[in-house]
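Open the model in a viewer and keep the residue numbering switched on. The stops below say what to select next and what is there.

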Amino acid sequence: MRFSSVLATAALAVVPTLAITHNSTVEVVQLTVDGRFDQPLDLENTRPTLAWQIHQTNDCFESICPGDRQTAYEVQAAASSEDLQTGKLQWESGKVEGRAQQVRFDGQLGSRDAIAWRVRVWDANGAPSAWSEISSWSMGLLDQSDWGEARWIDYPDRNENQSLPIFARRFEIPEGKEVSKAYLYLSGVGMHYATVNSEAITDEVLAPGYSNYQLSSEYRTYDIKQQLRSGANVVGVKLGNGPAYVRRSVTNPAVGRNAPYSWWQSQLKGNGSLVNDVQAGSTSVQLNNVENYHLGGSINIDTGNGGDKLESRVITTIDNSTNTISFTPGLTLEHTAGARVTGSGNNIAASDASAGAAVTPRLIGRLEITYSDGSTNTIVTDRSWHTALGPLVTDNWYSGADYDARREIADWDGPNVQLNSSNWIAAGNAPPPNLATRLVARAAEVIRVQEHFTPISVTNPANGTWVFDFGQNMAGWPLLKLPQMPAGITIRMTGAESLNADGTVNQTSIGIGNRGTDVFNTYTTAGHAGGETWHPEFNYFAMQWVQVTGLPAGFTPSPDLITAVRVQGDVPVAGTFTSSNARVNRIHKMSRYSFMSNTMSVLTDCPGREKLSYPADYTMPIGAIYRNVHLHAFLRTTMHHLVEGQSIANTSMAGNVALKTPVYDWGYTGRFGDEINWGNAIVLVPALMYDLYGDTSVMETYYEQMTDFVDYIQREKVEGHIVNAALADWVEDDDRTSGRITGTWGYYHTISAMARMANLTGRAEDADRYASLALEIRDAFNNAFWNNATGRYTNFGNNSTANATQAAQALALDAGFVPEDRREQVLDALVELTYSYPSSDGQGPHLSGGTIGMGPIVRALSAGGRDDVLWEALQQNDRPSYGYFLAPTVENPQGFTTIGERWTRGSSKNHMILAQIDEWFHAAIAGIQPTALTTISDIWENKLIFEPKVIGDIDSAAGTYLTPWGEARSSWNVSAADVFSLTVTVPANIEAEVRLPAGSNVQASERARVSGAGNSTAIYTVPSGTHTFSTTLHASNGTYSTESYRRSVIFFI
C-alpha cells in the first residue's frame, strides 16, 4: 500500500486503466467498510478495514477455474465517484499480490471527508477483473470541537412527570439557491426521533441506543437534502427518556400507571443550590448539600431560567464538612445565592453503576447546508430553538408509554408551524450529561423494523378485554389502527409472553412484582376523522400476545386493530438452516428469534425483564449466534461499551469490567458485578473478531485495556492459577459445577486469547509469556479437578468423587485440556452423565449445562462422534430439555416460540444462553463448519469443512453461511434406498474439505479430489464452485441410515 498525491495519481492512473482488457469471468462484489454492508455517513475510524468478495460469473469444469484463487488485488479511493473515474485518487493500494480480501485504508482522513472506492482483482489465471461497482463512506465529526457553537438544549425546568418535550427550528433556504449537501448531526438523550418538514429522515427506530452517558452519547448523521425546499423549512425533534432516565416515580394515575415496572432505576445525582453569591473567577462554591456529586465529574452552576448563565466545571475536591465543592477552571460569570446547582454521574467509576446516572431528556445538533455556489449555512442547537411539552405524557423504558393525541400541536414540525403561539417557549441551555461525555458515531448497524405480524387469533376472555395472539414471541411494539372514535377514549395495550388460565395475559416472565407491576402502553384518542394510528416510539417489549382494553362498549375489534411490529439491529443475515424434521426446525426457529430479539442497539439478555447487555450471554453462545446474524460491525460497538464498562479508578477494582455493559445497575463488585466469564469479553470480543472475520484492528486499538483486565484478574482473583467464578455455570439445571472449574476455564481462554492477539499484533515477548502461562493454567486445571479413581473431572479432583458434572467433562474436552489417552474415557463419562441425569421419566439423555457449559457439551459430544446422544436428548420432553420448552402449558398453550432463560421455564421466555444447540444444527446437520472458534473452543478446525451427519430420522437438510469469502452452501438428502446425495457450494478464493458419511459406491464431482479418509468417512478437497457427491450409507455409531434409525428408536414415537 502507498499514499499517492492527487496529481501524481491522475497522471499515472488514467491511461493504464483504460488500456486494460477485462477477460476474467470473476467479478468483485459485496464491498464493506469496517464490516458494514451499507455506506455509512459518519464513520469514526480513520483507518477502516475495506473488504470485498469475489464471484465467478459462469460455470467452470477445468482443473483450474478463475474463481479458485485471487492472485492479486488493487483498491482505489477518491473524494468522489467522478474523481475515482478520472484517476484523481486520494489513496491506492497498488497491485498487491496474494489472496487477502481485506486491507486497512492508509490515506489521510478528517472530519466530514467523503470517500468513494472500488476494487479489482486478478483471478487464478492472472487475468484482471473489471472494477467493482463504486461504494462509499463519509467520516463523521471526529473532534468534539467540530460541533462548534452547538449547545445541549432541553425544556427549561421540566419535571419528570410532565410530558416529554418536542423541539422545532425554522430556517430559510433562499430562493434560487440550490442545495448540494445538507447533513444534520444529532444526539438525543435518551431517545430521539427527527423530521424535516414533517417528513421522516430515516427508517431507524429507537435512536440513538444504549450509552454510558457519563462517557459518551451516540449521534446520528442524516442526509436531509431531499427534504429541503426553497423558503421556510423546519427541523423537528421528539425526545424520550429511553434508558437515560428510568424512574418508578414517573407515574400517570389518569391511565392507571401507578406502579411502573423497571428492572433498575436511574440514580439521581447532585441537586442543590448556592448558599452565597459567587464572584467571577471563583474556583469553589458552597451548596446547601453535596450529596451525589463525584470527584472528576461535573458541577453545573446556575441551571435554572433557561440556562443563560449556566457554567459547567470539573470537580476537583468535595468537602463534606463545609458542603463546599472546588472545581476547575474558574467561573466566568457571577452567580447569586439560591441558584440551582446540579451534578453529573461518575465518569471515573470504581464500584458504582456509572451508566445508570439519571439524565433527563436533552439534545445537541448541528445542521450544515452547502449550496452549489460554494456558500454554506450552519444551524446549531441553542436558545433560538423552540420547545413544547408534547403528546407523549409518560415514557418509561420498561413500563411503557402514555400518548394523549389531544395534546398534539398541528403541523408542529412543518413549515407552517406557529412557533409564536402559547404552545411554545424558547429552549433552554442544558449541561452535557458530563463534561467527560464524548459525542461518538455508531460503528454497528442501527435498529430498524424487520417484520409485521398479523394476529393468528383474537379472543375475548372477559367483557371489554381482547387478546391478540401473534403466534411468535418477539421484541417489538403494538401498532394500533383505530377507526374513527370520539376524543378522549383511552386504549390500553398490554404485551406478554404468557397467558393466564382465563385467557388474559400473564406478565410474570417480564419481571412484574416487587420492582413494579405496570407494563403497558396507552393511547388516548383525539377524535380524528378517518381514524387514528399510533405505536410507541421510544421503547420496545417482549410480546407474543397483546391484550387490549378500553375500547368503547359494544365495539368488536377486527384483527387489524393491532399489528405486532418486530424490531432489531439491522445486521445482515449470516446463515440459514432447514431440515426435514419439524421438531429440529422448530427449535432452530425458536433459537433464531431469540437471537434476533436480543440483537438491538446492544446484544441483550432478554427483551422484557432486564434488557441489559451481559457479556457472557453473547460470548458463550457465539458459536450459534454468529451463524444467524452477521456481527462484524456490531462487535465494534460492543467493544466500545466493554471499554467504557472497565473501571479506571485508582482502586483495587482498576481494570475490572462490569457484569453488564453499559453498566446501568449493580456496578463492579459482588456476585453480579465481578465475574471473570462476563468481564473477559473485553479480551474475547477482539479475538472473536479475528476468528470470524479476520479483523485485527480492534485488538490493536484496545490492547492496553485488555492487558488491564488481565492484570486485574491476576492481582485480585488468581490463586495458584485457579480462579473461582462467582456465577459458576449460570442457569445450569442442578447448579453443581464449581465456579473454580468455570473460572479457571475462563482464565485459560482469556490468557490463550491474549497470547494469540499479542502474536498477531507483533508483541512477541507478550505472546511467549501468555502462551507459557496458558499451558500452566491447563496443567493446574487438570491437577485440581481430575479424579484418578473415577476418570472424571470433579469439583475437588482427587479429594472427592462427587459432583462430576456434564459441564466439567465438556469444558475440559472443549478446551483441549484432556490428554489424548484420556479423551475417550472423559467422553464416555460425559455420555454416561447425560443418560444418568435425573429426570421425571428416567429415560434418555438430558443436557444440563448452563451459560458456560452448554456450548461445550454440544461441541464435545458432536466432535466425539456422539451426535446420537444430542439427537436423543432432543427427543426428551421433561426437564431439562428443549422438549420441555415445546410442551403445551396453561401459560403457553402451544409451547414456547423462543428459547427460555432457564430449564425450569422460569424467568424470561426469550433468551440466548440456552440456544447453543443451534450451533449443532448448522455445524453437524447442515454440516457447515466455516472456521475455528479458537477463542472459546479447541473443537472446530481452522478451515471450511462440509461434514453433514445423517442423524435420527432426518432425511434432508440445507444450510448457508456468509463467510468472509462469500456464501457457503450445503444441501443433502437421503433416498429410500439409503443413497446420500450432497451438493456444496464453495466461495471463490478458498478451498474446502468435504467429509462424507460412511458408505459405498461414492460418486464425486469432477473437480473434487480425494485427500484422505477419516473414521468411517471419505474426505475430498474441493475448490470454489458447486460440487455434488453421493454414497450409499452404512450404519455406524452416531450416524445412521434413515430406515435403520427409524427401527431403532420407534419407542420415541
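Select His 630, which sits in the loop between helix 5 (622-625) and helix 6 (632-644). The model is predicted. Is His 630 buried or exposed? Its relative accessible area is 6%, under the 20% cut-off, so His 630 counts as buried. Now show what surrounds His 630: leaving aside residues up to four places away in sequence, His 630 touches Gly 35, Phe 37, Val 571, Pro 572, Ala 574 and Tyr 693.

Next, select residues 575-579, which are strand 40. Strand 40 belongs to an open sheet of six strands, with antiparallel pairing and the order 40-45-46-47-52-49. Which strands are at the edges? They are strand 40 and strand 49 (999-1004), each pairing on one side only. From one strand to the next, the twist averages 10°.

Stay in this sheet and select residues 966-974 and 979-986, which are strands 46 and 47. Six bridges pair these two strands in the antiparallel sense. Within the pair, Val 974 stands opposite Phe 980 of strand 47.

Add residues 917-925 to the view; this is helix 18. Helix 18 lies across strand 40, strand 45 (956-963) and strand 46, and runs at about 80° to strand 40.

For the next stop, select residues 462-565. An unreviewed UniProt entry lists this range as "domain: Alpha-L-rhamnosidase concanavalin-like". Over these residues the chain is 48% strand and 0% helix, and the C-alpha atoms at the two ends are 25 Å apart.

Move on to another open sheet, whose six strands are ordered 13-12-15-10-24-27 with antiparallel pairing. Strand 13 (199-200) and strand 27 (425-426) are at the edges. Each has a single partner strand, so one side of each has no neighbour in the sheet. Then select residues 165-173 and 231-240: these are strands 10 and 15, which run antiparallel and are joined by eight bridges. Arg 170 has Val 234 in strand 15 as its bridge partner.

Last, turn to the cysteines. How many disulfides are there? The count comes to one, formed by Cys 60 and Cys 65, with their sulfur atoms 2.0 Å apart. The torsion about the S-S bond of Cys 60 and Cys 65 is about -90°, so this disulfide is left-handed. Cys 60 is buried at a relative accessible area of 18%, and Cys 65 is buried at 1%. Finish at Cys 606, which is buried at 0% relative accessibility.

Notes. Residues numbered from 1 in each chain as written. Predicted model: local features only at pLDDT ≥ 70, side-chain atom pairs only at ≥ 80, totals over all residues. Heavy atoms only, no water. Pairing = 2+ DSSP bridges. Helix = DSSP H or I, 4+ residues; strand = E, 2+ residues; numbered from the N terminus. Axes fitted to C-alpha atoms, helices over the stretch in contact; angles between N-to-C directions. Contact = heavy atoms within 4.5 Å. UniProt positions renumbered as here; feature names shortened; annotations may be inferred. Buried < 20%, exposed > 50% of the residue type's maximum accessible area, 1.4 Å probe, protein only. Disulfide = S-S within 2.5 Å.
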